[in-house]
Structures are given as C-alpha cells and as structure tokens.
Amino acid sequence: MPKEKVNYQEVYDLYQLCSETKELKEFCNEMGLNFEKFMNWQRHQLWDEKMGKTVSVEQPSTAPVRIVGTPSNQPTVKMEQVKPAKPEPIKWVKLQLTGGATIFLRNTNVLDLSLMLNKLIG
C-alpha cells in the first residue's frame, strides 16, 4: 500500500483507459491500492453526483499578454569558428618490408604516413 496520499480520481481515470482488459479489483492490486477504500471513494463520488455536489472543472482563463520594448538585432548565440585540433605528430614509425628493407620515419603525421604507404603500394 502506498505511503503517500492517493488521488483516487487519477487512479480511476487510469483505470478507465485499461478497463477493457482488467477487472477493477485486479487493477487495484497491481497499483498497490486498497480495493475497499477505492470502492468507498467511488460510492461517495456517485452519491455526490446524485446530490448535485460535483465540482465542475473549468478551463483556466488566460490574461492578455502585452509585449513591451523592441527586440534587439544582436543574435542570442554568438557563433565562433572552432579550429580543428592539430593532430599530434607521430614520433617514429618503423616499417619492415618483405624484401628485407627497413624504413624509419621520425616526427611525421598521419597524412604524410598515408601518402608514403600509398606510394609503396603502387
């Protein structure tokens, strides 16, 4: 059983959405509600409706809005160009070729390494 105060109207509205698939008692068990207390609340609601004591819910009234001032021409978000981070240089690379030759590259970068490999491949 829930510790906080239960809004039975919300529970009843939720039950109305799935009433085709479940019985009210089963629904209360799944929600952790006391079925007897829920039925007591529902009886009071029906009795109040018969006696004309129901509270009608009205849409909230909205007040008119008046805009004061003029909008500024400055953008709200400042756009700054972000320069891509410069890749870290590769300290050294050792390539052992199948013919027995060895190639050392020092202080290179990915682009230069890629170009050199493309030249080797063909």
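Thr-108 is buried in this predicted model, with a relative accessible area of 9%; since the cut-off for a buried residue is under 20%, that value places Thr-108 in the buried class. The residue belongs to strand 2, where Thr-108 stands opposite Ile-90. If its neighbours within four places in sequence are left aside, Thr-108 is in contact with Pro-89, Ile-90, Val-93 and Leu-113, so that its bridge partner Ile-90 is also one of the residues that it touches.

From Thr-108 the reader can follow the pairing of the two strands. Strand 1, residues 90-96, and strand 2, residues 102-108, run antiparallel and are joined by six bridges. While Ile-90 stands opposite Thr-108, Gln-96 has Thr-102 of strand 2 as its bridge partner. The two strands form a hairpin, with five residues between them, and in the turn Gly-100 has a positive phi of about 105°.

Asn-107, which also lies in strand 2, calls for a separate look. Its phi is near 50°, a positive value in a residue other than glycine, and this deserves notice because most residues other than glycine have a negative phi. Asn-107 is exposed, with a relative accessible area of 65%, whereas Thr-108 is buried. In a regular strand the side chains alternate between the two faces of the sheet. That general pattern is a useful background when Asn-107, exposed at 65%, is set beside Thr-108, buried at 9%.

The hairpin is one part of a protein whose secondary structure comes to four helices and two strands, and which follows the pattern α-α-α-β-β-α when read along the sequence. The helices that come before the strands in this pattern can be taken pair by pair.

Helix 1, residues 8-17, and helix 2, residues 24-31, pack at an angle of about 120°, with their axes 11 Å apart. That angle makes helix 1 oblique to helix 2, and the crossing of the two is right-handed. On the side of helix 1 the contact is made by Val-11, Leu-14 and Tyr-15, and on the side of helix 2 by Leu-24, Phe-27 and Met-31. The residues of this contact divide into six nonpolar, no polar and no charged.

Helix 2 also packs against helix 3, residues 35-51, at an angle of about 120° and with the axes 9 Å apart. Helix 2 and helix 3 are therefore oblique to each other, and their crossing, too, is right-handed. Here Leu-24, Lys-25 and Cys-28 in helix 2 meet Phe-35, Phe-38, Met-39 and Gln-42 in helix 3. These residues divide into five nonpolar, one polar and one charged. Leu-24 is thus listed in the contact of helix 2 with helix 1 as well as in the contact of helix 2 with helix 3.

Helix 1 and helix 3 pack at an angle of about 95°, with their axes 11 Å apart, and the two helices are therefore roughly perpendicular to each other. Their contact is made by Tyr-8, Gln-9, Val-11 and Tyr-12 of helix 1 and by Lys-37, Phe-38, Trp-41, Gln-42 and Gln-45 of helix 3. In this contact the residues divide into five nonpolar, three polar and one charged.

Which residue of helix 3 shows how these contacts come together? Gln-42, which lies in helix 3, takes part in the contact with helix 2 and in the contact with helix 1. Is Gln-42 buried or exposed? Its relative accessible area is 16%, and Gln-42 is therefore buried, given that buried means under 20%. Leaving aside its neighbours within four places in sequence, Gln-42 is in contact with Tyr-12 and Leu-24, residues that belong to the lists for helix 1 and helix 2 respectively.

Two values describe the protein as a whole. Buried residues make up 12% of its 122 residues, and both Gln-42 and Thr-108 are buried. Among the contacts with a separation of 6 or more, residues 24 or more positions apart account for 24%.

Methods: Residues numbered from 1 in each chain as written. Predicted model: local features only at pLDDT ≥ 70, side-chain atom pairs only at ≥ 80, totals over all residues. Heavy atoms only, no water. Axes fitted to C-alpha atoms, helices over the stretch in contact; angles between N-to-C directions. Parallel < 35°, antiparallel > 145°, perpendicular 65-115°, else oblique. Left-handed = near helix turned anticlockwise from the far one by under 90°. Contact = heavy atoms within 4.5 Å. Nonpolar A, V, L, I, M, F, W, Y, C, P; charged D, E, K, R; others polar. Pairing = 2+ DSSP bridges. Buried < 20%, exposed > 50% of the residue type's maximum accessible area, 1.4 Å probe, protein only.
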